[in-house]
Amino acid sequence: MGVYELSGAGSLKTPRTVYSSMNANNQYGAMVPIGTSFSTNTTAFLNIPQTFQDLRLVVSASIESGTNFPFVAINNEGSTASSSTRLFGNGSSALSERRTGDGVWFFGAIPFATGSTFVGSLTLDILNYASSTTFKTGISRWAHDLNGSGQTHLTAYLKQTTAPITRIDLGGNPGPFSVFTATLYGIRAVSS
Amino acid sequence: MQPIYTQTVGAGGTYVVTFNNIPQTFTDLKLVVSLRENSTGTINQLFVRFNGSSAANYSRTTVYGYNNGVFSDRATNQTEMGITFTNPGSSTASTFSNNELTIPNYTSSNFKSIIGDGVSENNGVLYAAPALGAGLWANTSAITSLTVFYSTVVIQQYTTISLYGITKG
Amino acid sequence: MVWIAGQTLGTGANNIDFTSIPQTFTHLQARIFTRSSVAVTGHDLNMYTNTTSGSNMTAHLLEGNGSSVNSNSGYGNPSSISLVAWVPGASSTANVFGSVVIDILDYRNTNKNKTFRTISGYDANGSGQVNFASGMVMSTSAITSIGWFVGGGGGQMIAGTRFDLYGITTSQVTGA
């Protein structure tokens, strides 16, 4: 397959890099659960298989008391090489923020409400997590509504490491989580 | 991700699409909606109820773009969840919305938190609204049914609504 | 969700195309991990399909750049292409790629125009952007091919770019 010039926007020369060989009969489910965890304080997915293309994390989290800033930590390194850009709504304003010099990926830079029955939801996609040549990026949706307060976030994260992701920790700062479920999925086994 | 049910609206349209007897064997639910209704002059939210409940315990927080502006708003103590937007009859013909609601831990005894991502498209600035939403159903019951509905407008033919289950394995 | 096709680029490419898309699924999802070769910090990623003809595509974006949220109408509605995301360019922090997830519903339904929804973003440690985008092809024809390119010409998606296309089925059970 070759790589050819683009003649202009909307005006495309052929041939291009094309993928016309489709595996139409592949019935393998591409989204495979790797692990599920329930924890009162932290959850760690260890020894993440390096055999998928992407990771997807789905979290349902709640806080029993105090303010809390839930986060995802990549590879438990403790460095401050994480940063993020987000847009969010707080019910009255559409806002955008940026963070640098973090040790973790914060779901939302906002206090979590008290009450164990109130929950927030997170989906986090990490494409190309097993790469050893690119930095690690994630994109998340975080949502918590508390019937009069709450926020919804769309966030892009960066961890400046080319190391493949082998461990993901979830926690709260300062914690704890009182009711907390998290499921990690691998998307597309690279052997299929 | 496994498909559970799909409903396609037939000729004449309908006010209500309901999914009953939702299996309790998954971890999370995902609702995927391609919807057009017949209202004119405005955009409408996607209205959802769980377990047939019309109690005033739904709420939401949304951030969205519309008519070259950006907005965030909130609704509390609602009798249904209105989260993200759908295509009205005033929008470009043959155009249906693209909405996805993710409901993690839908069988739990906690309140239910919903992530809503939805777009309504249009050839122009009106009736086009990309929206990110956070929803709450302040009820500790497991979700066993889900209803998409409107009271005064009709969900149009060719609307498709699909329910998926996501399992932890 | 079923994987249809995909690849990691060993060298840069002006376009990525998926052709002969099976007509056996209900929805499609494209997952793209990419960076542009052009010397800008952020570069536009644009989409087209076999049903793109003249100016029959639209786009509306909600953008957050770290300081403000903006509404963006792409190249004007309608246009010949649809702006779906912003990805890092060559002037952005090295080794940073953007993530793009595009959901196209009812791609082969001949009663509907094709509406797609995109979540994308990148952070480059002091710069970056997140976007939530909507787009449409004003054609009721089935989509059999999809493609993407960066910028208005001359730019490439660099080596290390990864792109995958997935098919999503629905149940034939009504469950009503």
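Me: What area does chain A expose?

Reply: Happy to start there, and do keep in mind that this is a predicted model. Carbon and sulfur atoms supply 48% of the exposed surface of chain A. Buried residues make up 56% of its 192 residues. The area that chain A exposes is about 6,800 Å².

Me: And how many strands does chain A have?

Reply: Read along the sequence, chain A goes from β to β throughout, following the pattern β-β-β-β-β-β-β-β-β-β-β-β-β. There are 0 helices in chain A, and the number of strands is 13.

Me: Turning to chain C, how compact is it for its 176 residues?

Reply: Let's begin with its make-up: chain C has 0 helices and 12 strands. The globule rule gives 16 Å for 176 residues, and the radius of gyration of chain C is close to that, so chain C is as compact as a globular protein of that length. The radius of gyration itself is 16 Å.

Me: What share of the contacts in chain C between residues at least 6 apart in sequence join residues at least 24 apart?

Reply: A good one to ask of a chain in which 68% of the 176 residues count as buried. For comparison, the corresponding value in chain A is 73%. In chain C, the share of such contacts that join residues at least 24 apart is 77%.

Me: Which residues does C:Thr110 touch, leaving out those up to four places away in sequence?

Reply: C:Thr110 sits in the loop between β8 (98–104) and β9 (114–123) of chain C. One partner is 30 residues away in sequence, yet the C-alpha atoms of C:Thr110 and C:Thr140 are 4.7 Å apart in space. The residues touched are C:Thr140 and C:Ala142.

Me: Is C:Thr110 buried or exposed?

Reply: The cut-off for exposed is over 50% relative accessible area, while buried means under 20%. The relative accessible area of C:Thr110 is 52%, so this residue counts as exposed.

Me: What area is buried between chain C and chain A?

Reply: The size of an interface is often given as the accessible area lost when the parts come together. Here, 64 residues of chain C are in contact with 56 residues of chain A. Carbon and sulfur atoms give 61% of the buried area, which comes to about 4,600 Å².

Me: Which three residues supply more than any other three of the area that chain C buries against chain A?

Reply: Their part of the area that chain C buries against chain A is 14%. The three residues are C:Trp3, C:Arg31 and C:Asp123.

Conventions. Residues numbered from 1 in each chain as written. Chains lettered and ligands numbered in written order. Predicted model: local features only at pLDDT ≥ 70, side-chain atom pairs only at ≥ 80, totals over all residues. Heavy atoms only, no water. Helix = DSSP H or I, 4+ residues; strand = E, 2+ residues; numbered from the N terminus. Buried < 20%, exposed > 50% of the residue type's maximum accessible area, 1.4 Å probe, protein only. Contact = heavy atoms within 4.5 Å. Rg over C-alpha atoms; globule rule 2.2 N^0.38 Å. Buried area = accessible area lost by both parts, 1.4 Å probe. Areas by Shrake-Rupley, 256 points an atom, 1.4 Å probe, with all protein chains shown as cover.
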